[in-house]
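Trainee: Got a minute to go through this one with me? I'd like to start with how the helices pack.

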Amino acid sequence: MSSSQFKLPELPKDLTLKPTPQKKVKPKPSAHRSRSSTVGSASTYDGPATKGVSSPSLVKPSSMKQGVSSDNKKTSLDSKLFDFYDKTVAETERIVEAIPDDSATKKLKTRAKEILQNARIPPGMRGKMTGEMFWSKAEQVISVRECIQFENISLQPPPTKKKKRLSLVKVGRLSAEKRKLDISSTILAGRLQRFDTPTTNDTSSPSTSAGQDELSNGVAIPLCLPNDMEWNPTTRKCKTFEGVQRSSLNLCPQAVKILGSISGPVCVVSIVGPCRTGKSYILSRLISSVGTQCHFDLGHQMDPKTMGIWMWDSPFKITLENGKQVTLVLLDTEGIDAANASDQGDNQIFTLSVLMSSLLIYNSMNVPRREDLNQLHFVANLSKSIQVQSGQTADHLDGLKLAESNPRFMWLLRDVILDPTDAKGSPCHIRDYLLQKVLKEEATDDDTQKSIRRCLLSFFRAFDAETLPPPSVDQHVMQNIENPAYQKDLNPNFLHKVEYIRKIIFKNCEAKRGFTAGSVVSGFQLAQMVKLYVEALNSPNGIPAIGSTWQRVLEATYTNGVEEALKSYQAAMDAAITGKLPMGNQDLLNIHRRAVRKSLEMLKHTTSVDCERKLFQEYLDKLMTQLAQYQQDGECVGGRLALYLKENLNKSHSTCQSLLTCLKEKHLDPLVKNLTPSTDFKDIERAFL
C-alpha cells in the first residue's frame, strides 16, 4: 500500500484550505504559485519513482482573527483548529509507524517520529500560541507526509476499521474558495532537511577533504580554447582575435598544470549538448547544492557563453561507494550546433570530451522523437573520429577493450513535464522509454539513425537517462537563475529533482579507466592524454588513437616516475651525508640502501594506478642502472652511487691533506725553524714526545 492511499481526517466545515499565508507584499510572478500552471505543479513532478502530491496548509476560518495583530498582541485560536490539527498529527503518526524498519527507511522513520513529537501542541500552550507559531508546527507535520510520498515508501499499515475518509484532492475541493493547492516551498526544500541537521556524511554526495567554502573559492578556467581566442590568467578574461578563422584548439597551460599536479586516480565528469540548454548550471550544482551561486558562467543571450572546454580549477576528492577516493574533475563544454559553429569544431569538442570523461552527461531539451535522433549525428561519427591503434582497423578484442575504457553515458532531458510510458502504456522510467521507443531499431530507419542507436548503446560502457522539469516560466526569474536570491521563485519540483540528479551523478562517479584491463588514470596521465589528443585533433585528418595514445602515456608516466624516484634518492642521500663526509665506505653504502628503498617507494607511488608489470620492470631496471652499476667483483663503477663514492674519496683525500698540513704547521715547521748545526737528534725526538 502506498502512502498516498492514506486519508487525512475530515476537515471541519468552517475551515478552509489555501496556500500557506505569505507576506502582505505582493509577490513576483512565480512558476509555482498555482497548480493551474504547468510548471511547478505537483502533478508534473517527474521524480525517481512517484509524482508529488499537494498537501493542504491549515488555515483559520475567515471569521477568526489573525494570530498576530498589527501591534503584535496575542489572540486565541479556535479550538476546532486544534482538534483538526490533533487528528492530522495522529493520522500522520499512524502512517510513520507503518514504515518498515529496514536499513533504507530506518533513519527517515526515526527522524519523522522526532519531528512529530516536536510538532505536538500541549493543551497548556494553546491559549498562548500565535498564528505564526501554529503554522510553524503545522508545516512540520505536512513535511513528514510530503517526504514519505516523495520517497515512495511502501507502507505496512496496522489493521484498522474501515472508515470512509476524504482524499487530499477531495479535501481541496471542499475548500470554500475552491482553489487548487500548491506544494509548500518549505516542504520541498530538502525533504526534512530544514528540520534535520545530519550528523553523518551522505554516501551519495561528495565527501571532500576541503570545506565547502574552500571549494566555492575556486573559479572556472579554460582547459582548451579555439585558436581564435586567448585566455589572460591575470585578468581572467578571454580575448577574441578578429579575422582569425577557427580551425584548431589551444590548450591552457594553467589548466594542464593543475591536472598534472593531481596525485592518484581521477574521475572526470563532462557535460555536452546543444547550446543554451543549461549545461553550466547543472555542472555548478555538482560543486555546491541548490540555493548557492553558480560557479560556471551562465549566459542569457542566444549566442553561446562557453567556448571550448572549461574546467573547475579546484578539483576535489570524493569517496566512491567502494570506499576508494578519487579526485573529481569537472568539465563544461561549448554548446553543439550553435548558429556560428562548424561541424569540425563541434566534432573536436565532443570527441575530446568523450576521450577524457569517466561520466559523460548529454544535456538536451525535452524528450526526443525518433526523427530527432539525427541531431545526434556526431555520436555516430565517434567510430570514425576515434581509432584503437594508429592506422589500424580495430578487431573484436580491441573493440571490447575500447568499450571498457569509454565513459558512462547519461542523457539528461530538460523541461520534461509529461510522464513516460513503456510499450504497453504503463508508467516507466525515462531510460526504459528511450530504449523501447526512441532507440529501438526499426526497419524504416536510415543508416544514420541505425548508426546513432548502435553507437549510443555499444560505444559507451553504460547508458542511463534522467529528466528535469522546467525551472520557471517567468523570464525574469530565468535570467537570474544563478542568483541565490531568486531560488525561492524557481519551481520546487525542479530544485528537488536537481538535488536528486546531483546524488545520482555522484553515485555513478568512478575512476577514469585506462586502455589496458584494470588500469585507471592519474592526474599526470590525464594531462598527458589531453596534450596528445589535442595534437591529434589539430592535425589534418587527425584521428586520436586510444591504444597508441595510452602506450605513449604509460611511457611518459614511467619516465616521470623514474625522474621522481631519482629526485627522491638524491634528496635522501644529500640529507644524510651533507656535512658528514668523509665517512667509511660501508656507512655510505648503508645510507645508499636506505635511499634506494625510498626511491622505489616513490616509483611505486607515481605509477601505482598502472597495471603494466612488464613496463614497470623495464623502467625499474632503468632506475636501478642509474642508481648504481657494479662489476662482477662487486665494485661500483657507475650510477649515482659511484659519484657519491668518488665524492667521499675526494673528500677523504682533501681531509687527510688538510690534517697533514695542520700537523706540519703546528709541529714540524716550528722545529725546523729552530734547527741549528749543533742540534742533537735526541733533542728533536724529545720535542715531539
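Mentor: Sure, start with α19 and α22: L566, Y569, Q570, M573, D574 and I577 in α19 meet R640, L641 and Y644 in α22. To "meet" here is to be in contact, with heavy atoms within 4.5 Å. Bear in mind that this is a predicted model, where local features need pLDDT of at least 70 and side-chain atom pairs pLDDT 80 or more, while totals for chains, interfaces and linings use all residues. Residues are numbered from 1 along each chain as its sequence is written, and side-chain values use heavy atoms, leaving out hydrogens and water.

Trainee: What's the class make-up of the contact of α19 with α22?

Mentor: There are 6 nonpolar, 1 polar and 2 charged residues. Ala, Val, Leu, Ile, Met, Phe, Trp, Tyr, Cys and Pro count as nonpolar, Asp, Glu, Lys and Arg as charged, and the others, Gly among them, as polar.

Trainee: And at what angle do α19 and α22 pack?

Mentor: About 20°, with the axes 11 Å apart; α22 covers residues 639-673. Axes are lines fitted to C-alpha atoms, for helices over the stretch in contact, with angles from 0 to 180 degrees between N-to-C directions. α19 and α22 are therefore roughly parallel; the bins are under 35 degrees for roughly parallel, over 145 for roughly antiparallel, 65 to 115 for roughly perpendicular, and oblique for the rest.

Trainee: Is that crossing of α19 and α22 left-handed or right-handed?

Mentor: Right-handed: the near helix is turned clockwise from the far one by less than a right angle, whereas anticlockwise would be left-handed.

Trainee: OK, now α18. How do the axes of α18 and α19 cross?

Mentor: The axes of α18 (residues 523-538) and α19 (residues 546-577) come within 9 Å and cross at roughly 135°. That makes α18 oblique to α19. This crossing is right-handed too.

Trainee: Which residues of α18 and α19 meet?

Mentor: On the α18 side, F524, Q525, Q528, M529, L532 and Y533; on the α19 side, I546, T549, W550, R552, V553, L554, A556, T557 and N560. By class, the α18 contact with α19 has 9 nonpolar, 5 polar and 1 charged residues.

Trainee: Switching topic: how many aromatic pairs does the structure hold?

Mentor: 10. Rings of Phe, Tyr and Trp (its six-membered ring) pair if their centres lie within 6.5 Å, and planes under 30 degrees apart are stacked, over 60 edge-to-face, the rest tilted. One of the pairs is F409 with F460, with ring centres 4.8 Å apart and planes at 45°, so the pair is tilted. F409 sits in β12 (residues 408-414) and F460 in the loop between α15 (447-458) and β13 (462-467), 51 residues apart.

Trainee: Are F409 and F460 buried or exposed?

Mentor: Both are buried, that is, under 20% relative accessible area (exposed is over 50%, partly exposed in between, with a 1.4 Å probe and protein chains only). F409 also pairs with F463, stacked at 5.9 Å centre to centre and 10° between the planes. F463 is in β13, 54 residues from F409. Ring pairs link Y362, F409, W411, F459, F460 and F463 into a cluster.

Trainee: What about the protein overall: how many helices and strands?

Mentor: 23 helices and 15 strands, taken as DSSP runs numbered from the N terminus (helices H or I, at least four residues; strands E, at least two). Of the 689 residues, 47% count as buried.
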